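The exercises below are meant to be worked with the sequence and the model open side by side. Please try each task before reading the solution that follows.

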Amino acid sequence: MDGAGAIWTALESLPMAEALRVSRWTYPLVNAGHILGIAMLVGAVLPMDVAVLRGRDPQVRMLRPWAVAGFALALVCGSLLFTVQATDYAASFWFRLKMALLAVALVNAALHLGGRGGPVTAAVSLAVWPAVLLGGRMIAYG
Amino acid sequence: MFPTRRILLAALCASLALPAFAHHGWRWTDSGQFELTGTIVSAELGNPHGVLTIDAEGETWIAEVGQPWRNERAGLTDDMMAEGIEITLIGKRAADPAERKMKAEAVEIAGERYVLYPGRI
């Protein structure tokens with residue numbers, strides 16, 4: 001795993017990562033941005049899933065842009081946070097579990113958006129997004 | 001063995017083998033004052049936590065110091081907390097007696113005291 005190790009070390013030495021590592025306000029700000037992104041994403045996804053499961057009016061689809069914007073924000077901020085301690089995160093069981101669950105959630109979302117959506121993708125989404133959130137939170141308690 | 005048990009076991013093994021991720025706050029610590037003197041084996045300073053690995057008479061301890069702004073306010077630089085330096089850490093130790101971890105509220109290097117948490121010490 002020397003190749004991967006070199007990538008994590010290279011990420012950690014990016015000027016942006018160095019700046020975040022010693023900053024007083026930027027790091028907590030990026031951290032808060034990550035949480036805001038997750039709040040928007042999960043807060044929009046869960047009501048959409050429940051509506052699909054209950055066969056309700058697809059009016060909840062208006063929440064979709066919120067989910068997409070939330071995901072983008074969480075992705076950008078999360079990637080920045082990752083660079084600060086890339087080696088440690090890459091070795092973390094909970095981080096790896098979170099990434100695996102995230103992959104499942106994204107494939108499921110792609111199936112849903114690709115027209116194969118229904119109660120099954122909604123149920124998977126309802127279970128997996130909160131699991132991704134939990135996996136992420138557990139990184140700090142591993 | 002059920003897969004869930006296997007996953008839990010894997011999680012347990014992984015968490016034991018990993019470098020220590022530091023803790024927020026004092027919820028995990030004992031309330032009594034604790035002092036540790038030893039040599040710095042390695043230092044990971046920077047957000048989100050500053051962490052020192054200390055060799056204290058053959059025992060390896062993990063000591064949490066401040067984030068960069070807190071260390072700087074106390075008058076500490078990264079050079080002062082580098083490998084090989086002898087340091088005394090004053091603060092709280094983990095409530096679990098099996099865990100060799102502590103959170104420093106002040107440190108002493110070469111007879112000089114640097115206070116990280118002025119309100120607590």
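A nonpolar core is a set of buried Ala, Val, Leu, Ile, Met, Phe, Trp, Tyr and Cys residues joined through C-beta atoms within 7 Å. A residue is buried if 20 or more other C-beta atoms lie within 10 Å of its own, exposed if 12 or fewer, and partly exposed in between, with C-beta atoms placed from the backbone. This is a predicted model, in which local features need pLDDT of at least 70 and side-chain atom pairs count only at pLDDT 80 or more, while totals for chains, interfaces and linings use all residues. Residues are numbered from 1 along each chain as its sequence is written, and chains are lettered from A and ligands numbered from 1 in the order in which they are written.

**Exercise 1. Describe the make-up of the two chains.**

Solution. Begin with the elements, where helices (H or I, at least four residues) and strands (E, at least two) are DSSP runs numbered from the N terminus. Chain A has 7 helices and 0 strands, whereas chain B has 2 helices and 6 strands, which follow the pattern α-β-β-β-α-β-β-β along the sequence.

Next, take burial and extent. Of the 142 residues of chain A, 30% count as buried, and the C-alpha atoms of this chain fill a box of roughly 50 × 35 × 25 Å along the principal axes. In chain B, buried residues make up 23% of the 121 residues.

Finally, turn to contacts, which require that the C-beta atoms of two residues, placed from the backbone, lie within 7 Å. Among contacts in chain A between residues at least 6 apart in sequence, 76% join residues at least 24 apart; in chain B, residues 24 or more positions apart account for 52% of the contacts with a separation of 6 or more.

**Exercise 2. Find the residues that touch the most other members of the largest nonpolar core, and the helices that supply the core.**

Solution. The largest nonpolar core has 29 residues, and those touching the most other members are Leu41(A), Ala44(A), Val45(A), Leu101(A), Ala105(A) and Val132(A). At least two residues of this core come from each of helix H3 (26-53), helix H4 (64-84), helix H5 (86-91), helix H6 (93-116) and helix H7 (119-138) of chain A. Another core, of 14 residues, lies apart from this one and includes Leu89(B), Met102(B), Ala104(B) and Leu116(B).

**Exercise 3. Work out how H3(A) is oriented against H4(A) and against H7(A).**

Solution. Two packed helices are described by the angle between their axes and the distance between the axes. Axes here are lines fitted to C-alpha atoms, for helices over the stretch in contact, and angles run from 0 to 180 degrees between N-to-C directions.

For the first pair, the axes of H3(A) and H4(A) come within 7 Å and cross at roughly 150 degrees. Angles under 35 degrees count as roughly parallel, over 145 as roughly antiparallel, 65 to 115 as roughly perpendicular and the rest as oblique, and H3(A) and H4(A) are therefore roughly antiparallel. Among the residues making this contact are Leu41(A) and Ala44(A) of H3(A), and Ala67(A), Gly70(A), Phe71(A) and Ala74(A) of H4(A). Leaving out residues up to four places away in sequence, Leu41(A) touches Ala67(A), Gly70(A), Phe71(A) and Ala74(A).

For the second pair, the axes of H3(A) and H7(A) come within 9 Å and cross at roughly 155 degrees, so H3(A) and H7(A) are also roughly antiparallel to each other. The contact includes Val45(A) and Leu46(A) of H3(A) as well as Leu126(A) and Trp129(A) of H7(A).

**Exercise 4. Trace the pairing of the strands E1, E2, E3 and E5 in chain B.**

Solution. Two strands pair if DSSP finds at least two bridges between them. Strand E1 (residues 34-44) and E2(B) pair in the antiparallel sense over 5 bridges, with Ile40(B) opposite Ile54(B). The hairpin of E1(B) and E2(B) has 5 residues between the strands, and Gly46(B) in the turn has a positive phi of about 140 degrees.

Strand E2 (residues 50-56) and strand E3 (residues 59-65) run antiparallel and are joined by 7 bridges; here Ile54(B) stands opposite Trp61(B), and Val51(B) opposite Glu64(B). In this hairpin, with 2 residues between the strands, Glu57(B) takes a positive phi near 50 degrees.

Lastly, E3(B) and strand E5 (residues 101-109) run parallel and are joined by 3 bridges, and Ala63(B) stands opposite Met102(B).
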